[in-house]
Amino acid sequence: MLVKGIRLKKPPFFLFLLSVLSCVIELIVSLPYFWPSSPRQQSPNKTEATSLFSVQKQFKATQVFLNSACQGDNSSVVFVLLSTFSNMFISVCFFRDLRGNKFECDCKAKWLFLWLKMTNSTVSDVLCIGPAEYQDKKLNDVTSFDYEYFVVHQILPYQSVSVDTFNSKNDVFVAIAQPSMENCMVLEWDHIEMNFRSYDNITGQSIVGCKAILVGDQVFVVVAQLFGGSHIYKYDESWTKFVKFQDIEVSRISKPNDIELFEIDSEMFFVIADSSKAGLSTVYKWNNKGFYSYQSLHEWFRDTDAEFLDIDGKSHLILSSRSQVPIILQWNKASKKFVPHSEIPNMEDVLAVKSFRMQDNLYITLTRFIGDSRVMKWNSKQFVEIQALPSRGAMTLQPFSFKNNYYLALGSDYTFSQIYQWDGEKKIFRLFKEIYVQAPRSFTAVSTDRRDFFFASSFKGNTQIFEHILIDLSL
Ligand SMILES: [Ca+2]
């Protein structure tokens with residue numbers, strides 16, 4: 001589309017010319033309607049339909065532009081406004097009667113809203129057919145034209161199983177685990193090109209997780225592998241790349257499935273959840289020289305995931321396992337070790353637990369492959385279910401938040417993945433969007449330069465980066 005190529009950097013004169021050209025075309029298109037003998041004008045019964053038809057026809061080009069504006073191409077807005085108001089002038093002279101016509105009062109109707117506010121003409125009320133909150137209300141009464149969606153921003157031509165993000169020296173990075181390419185790919189946000197570009201590449205063997213750890217101004221990446229042990233790499237300023245820093249003592253780790261990083265009393269730890277029968281999920285601690293194994297958790301349970309969370313000021317770990325319901329361990333301040341605390345009853349087959357806070361309340365999500373995944377809330381004594389989300393082949397259920405809105409991304413190996421949005425009035429997550437990702441394994445929210453992105457790792461296809469667009473056209 002022509003508009004796609006227009007940027008604000010282009011000379012205003014160019015925009016002006018286009019605007020004039022657009023008006024001329026619109027005028028020519030409108031000519032049949034100016035003619036008194038036009039058959040469309042002869043039947044009084046058709047007046048309203050004709051009005052709408054012709055108004056719509058006249059504004060078709062404008063609406064195309066508005067649509068592109070709605071889809072995030074803000075640069076076209078200036079052009080849209082220029083051409084809109086000139087078009088309005090032509091239309092208004094001949095088609096004042098909008099009675100009976102209902103409009104979708106989203107951001108695409110903003111032009112009409114603005115014109116209604118500005119015009120001196122007598123125009124009957126324009127009613128909204130949607131969205132739901134404005135149904136059967138007047139367009140004049142709309143208070144804002146928020147518009148929100150996820151669009152593909154960038155496609156990374158490789159599979160991945162996990163994506164971790166970290167900030168270092170005011171830059172935003174991601175570390176992507178690629179098992180098939182035997183890589184831990186580190187990408188950096190390019191502030192000029194406005195995309196994620198390759199920064200470094202840590203090679204390995206059957207990599208299942210890359211987890212960044214920041215200690216002071218040092219950047220480490222834990223590379224968890226199925227074969228050849230797991231290692232920690234450190235960013236070396238002089239080599240301008242990641243170099244191997246240490247091996248992780250893995251006598252107890254045989255099938256790492258998840259890495260979580262946490263801090264207790266200003267001390268740095270990470271835990272590796274081990275999913276093999278003989279493996280032991282193990283906590284590692286930073287001792288100012290490196291990370292060393294600190295505590296082995298429970299045996300024989302084939303843990304799939306670990307989650308660190310603060311419950312009422314106390315540190316806890318929740319371990320999800322193939323063989324039992326999720327268990328909760330609590331940090332004992334005296335022994336400085338995790339001790340068994342409780343479990344989440346009646347929740348078999350939970351693959352992962354993730355926690356998030358929303359309006360000072362603590363929630364967890366429980367991912368289940370088949371059946372219902374769950375959202376639970378801490379009620380000061382225990383976690384209670386607040387919502388069940390039907391799952392079809394879900395390997396991940398990820399809470400995230402952009403611009404004070406809360407979302408859940410529920411993956412599916414068989415169909416579309418679903419994004420739910422928190423409905424503050426109904427106090428539930430309602431289905432908001434669907435995105436297609438082949439065999440999704442993780443969803444990761446990354447914000448930079450006031451833009452919000454959402455990495456969808458795929459075990460079978462390309463890794464996709466979606467951008468969350470929220471056009472606030474508040475008035
Ligand atoms: Ca985890």
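Guide: pLDDT is the predictor's confidence in each residue, on a scale from 0 to 100. The protein chain has a mean pLDDT of 82, and 77% of its residues reach 70 or more. The structure is a predicted model, in which local features need pLDDT of at least 70 and side-chain atom pairs count only at pLDDT 80 or more, while totals for chains, interfaces and linings use all residues. Residue numbers start from 1 along each chain as its sequence is written.

Visitor: What is the pLDDT over residues 1-11?

Guide: Over residues 1-11 the pLDDT is below 50, and this stretch has 15 contacts in the model beyond near neighbours in sequence. A contact requires the C-beta atoms of two residues, placed from the backbone, to lie within 7 Å. Residues 32-80 also stay under 50, with 75 contacts beyond four places in sequence. Where pLDDT is low, the predicted coordinates should not be read in detail.

Visitor: How many helices and strands does the protein chain have, and what makes a run of residues one or the other?

Guide: The chain has six helices and 30 strands. Both are DSSP runs numbered from the N terminus: a helix is H or I over at least four residues, and a strand is E over at least two.

Visitor: Why is β24 called an edge strand?

Guide: The strands of one open sheet follow the order β24-β25-β26-β27, with antiparallel pairing. Within it, β24 (397-402) and β27 (428-435) each pair on one side only, and they are the edge strands. Neighbouring strands of this sheet are turned by 30° against each other on average, direction ignored; the angles are taken between N-to-C directions, from 0 to 180 degrees, with axes as lines fitted to C-alpha atoms.

Visitor: How do you know that β24 and β25 pair?

Guide: Pairing requires DSSP to find at least two bridges between two strands. Between β24 and β25 (residues 405-410) there are six bridges, in the antiparallel sense. One bridge partner in β25 is Leu408, opposite Pro399.

Visitor: Why is Ser380 called exposed?

Guide: A residue is exposed if 12 or fewer other C-beta atoms, placed from the backbone, lie within 10 Å of its own, buried if 20 or more do, and partly exposed in between. Ser380 has 7 such atoms and is therefore exposed. This residue lies in the loop between β22 (370-378) and β23 (383-392).

Visitor: What makes the phi of Lys169 notable?

Guide: Most residues other than glycine have a negative phi. Lys169 is not a glycine, yet its phi is positive, at about 50°. Lys169 sits in the loop between β4 (162-168) and β5 (171-178), and with 7 C-beta neighbours it counts as exposed. Lys427, in the loop between β26 (417-423) and β27, likewise has a positive phi, of about 60°. Its 10 C-beta neighbours inside 10 Å make Lys427 exposed.

Visitor: What makes a set of residues a nonpolar core, and which members of the largest one touch the most others?

Guide: A nonpolar core is a set of buried Ala, Val, Leu, Ile, Met, Phe, Trp, Tyr and Cys residues joined through C-beta atoms within 7 Å. The largest has 87 residues, and Val174, Ala175, Cys184, Val221, Val222, Val223 and Phe455 touch the most other members. Strand β9 (residues 218-225) gives the largest share, six residues. A second, separate core of 11 residues includes Ala109, Leu127, Tyr134 and Val142. In the whole chain, 38% of the 475 residues are buried.
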